[in-house]
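Visitor: I would like to go through this model fold first, then a few residues. Could you take me through it?

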Amino acid sequence: MEAPAPQDELNFCQACSVRNRAICADLDDGEIALLNKIGRQRRLEAGESLLWEGDEAVFVANVVSGVLKLSTQTSDGREQILGLAYASDFLGRPFGDTTPYNAEALTETVVCVFRRSDFERFTIEHSKLEHKLLERTLGELDRTRRWMLLLGRMNAEERLATLLLEIGKRSVAANCDNSNSTDRDRFELPMSRQQIADILGLTIETVSRQFTKMREEGVIEIQGRRHVTICKRGALEDLAS
């Protein structure tokens with residue numbers, strides 16, 4: 001990947017659709033202008049990688065739009081999906097030497113990319129960004145703990161129900177700040193059935209059976225392979241609890 005180049009001619013930070021929710025949300029206009037000078041926007045096609053596990057941590061990034069999968073390789077070479085990154089999520093490892101995971105676009109994606117050394121320096125000099133980075137790190141830790149519970153203690157039905165609720169919630173947050181319940185109940189799955197099975201620690205056959213069961217019970221509707229409508233939110237929440 002080429003190094004991020006300053007873009008003085010285009011202040012993409014000012015026009016950013018996730019500025020009010022991203023890691024730079026608390027910065028004033030002057031700080032945003034300075035941040036704009038050390039970063040650049042990059043577009044990724046579905047299937048294109050942004051970060052590679054174990055590589056030198058040269059870059060960090062903020063997701064502007066789209067969805068990426070975060071994954072690692074097991075000792076026997078298999079992929080294990082760790083989670084998903086949506087608009088306004090932060091990727092990479094500031095103040096770390098190596099990248100902790102792979103990051104691959106599942107959809108067409110736009111990210112703001114910063115050279116790690118430049119971003120670290122900016123973070124040290126601007127305490128509001130440092131505070132926001134800590135806040136995001138703790139939030140990610142909480143999310144990781146919830147996924148540990150999902151994989152360790154929940155059955156297949158509970159796992160899939162939890163994932164569907166999470167995708168609906170994150171999809172709405174990625175697109176707008178104020179959303180009603182209907183928005184959360186209609187969304188596109190950003191991954192295949194096999195990828196859902198991988199992230200939930202299940203087989204694809206088990207995932208397909210659970211989708212069929214939920215559809216037959218009227219809890220969800222599925223159009224095509226990816227479009228999901230939650231018809232009975234209360235019932236899905238009960239399945240996830």
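Guide: Helices here are DSSP runs of H or I with at least four residues, strands are runs of E with at least two, and both are numbered from the N terminus. The model is a predicted one. Counted in this way, the protein has eight helices and 11 strands.

Visitor: What share of the 241 residues counts as buried?
Guide: A residue is buried when its relative accessible area is under 20%. Applied to the 241 residues of the protein, that cut-off gives a buried share of 48%.

Visitor: Which element gives the most residues to the largest nonpolar core?
Guide: The largest nonpolar core has 29 residues, and L164, L189 and F211 are among those with the most contacts inside it. At least two residues each come from β5, α4, α6, α7, β10, β11 and α8. With six residues, the element that gives the most is α4.

Visitor: Which residues does L164 touch, leaving aside its neighbours within four places in sequence?
Guide: L164 is one of the residues with the most contacts inside the largest core. Nonpolar side chains in soluble globular proteins tend to be buried together. With those neighbours left aside, the contacts of L164 are F187, L189, F211, M214, I220 and L236.

Visitor: How many residues are in the other core?
Guide: This other core lies apart from the one that holds L164. I32, I38, F114 and F122 are among its members, and its size is 20 residues.

Visitor: Which strands stand at the edges of the sheet β1-β8-β3-β6?
Guide: This is an open sheet of four strands with antiparallel pairing. An edge strand has a single partner, so one side of it is left without a neighbour in the sheet. Those strands are β1 (39-44) and β6 (90-91).

Visitor: Which residue of β6 is the bridge partner of A61?
Guide: Strand β3 covers residues 59-65, and two bridges join β3 to β6 in the antiparallel sense. The partner of A61 in β6 is L91.

Visitor: At what angle does α2 run to β8?
Guide: Helix α2 spans residues 116-125 and includes S117. The helix lies across β3, β6 and β8. Its angle to β8 is about 75 degrees.

Visitor: Is S117 buried, partly exposed or exposed?
Guide: Partly exposed residues fall between the cut-offs of under 20% for buried and over 50% for exposed. The relative accessible area of S117 is 34%, so this residue is partly exposed.

Visitor: Which side chain makes a polar contact with that of D89?
Guide: D89 is in the loop between β5 and β6, and is buried, with a relative accessible area of 11%. Leaving aside neighbours within four places in sequence, D89 is in contact with residues including A61, R136, R143 and R170. The polar contact, at 2.4 Å, is with the side chain of R170.

Visitor: Which residue of β5 stands opposite K69?
Guide: An open antiparallel sheet of four strands has the order β2-β7-β4-β5. Within this sheet, β4 (residues 68-73) and β5 pair over six bridges. Opposite K69 in β5 stands L84.

Visitor: Which helix packs on that sheet, touching β4 and β5?
Guide: The direction of this helix makes about 100 degrees with that of β5. Both this helix and β5 supply at least two residues to the largest core. The helix is α6.

Notes: Residues are numbered from 1 along each chain as its sequence is written. This is a predicted model: local features need pLDDT of at least 70, side-chain atom pairs count only at pLDDT 80 or more; totals for chains, interfaces and linings use all residues. Side-chain values use heavy atoms; hydrogens and water are left out. Buried means under 20% relative accessible area, exposed over 50%, partly exposed in between (1.4 Å probe, protein chains only). A nonpolar core is a set of buried Ala, Val, Leu, Ile, Met, Phe, Trp, Tyr and Cys residues joined through side-chain atoms within 4.5 Å. Contact means heavy atoms within 4.5 Å. Two strands pair if DSSP finds at least two bridges between them. Axes are lines fitted to C-alpha atoms, for helices over the stretch in contact, and angles run from 0 to 180 degrees between N-to-C directions. A polar contact is a pair of N or O atoms within 3.5 Å; within protein, one must be able to donate a hydrogen and the other to accept it, and residues adjacent in sequence count only if both atoms are side-chain atoms.
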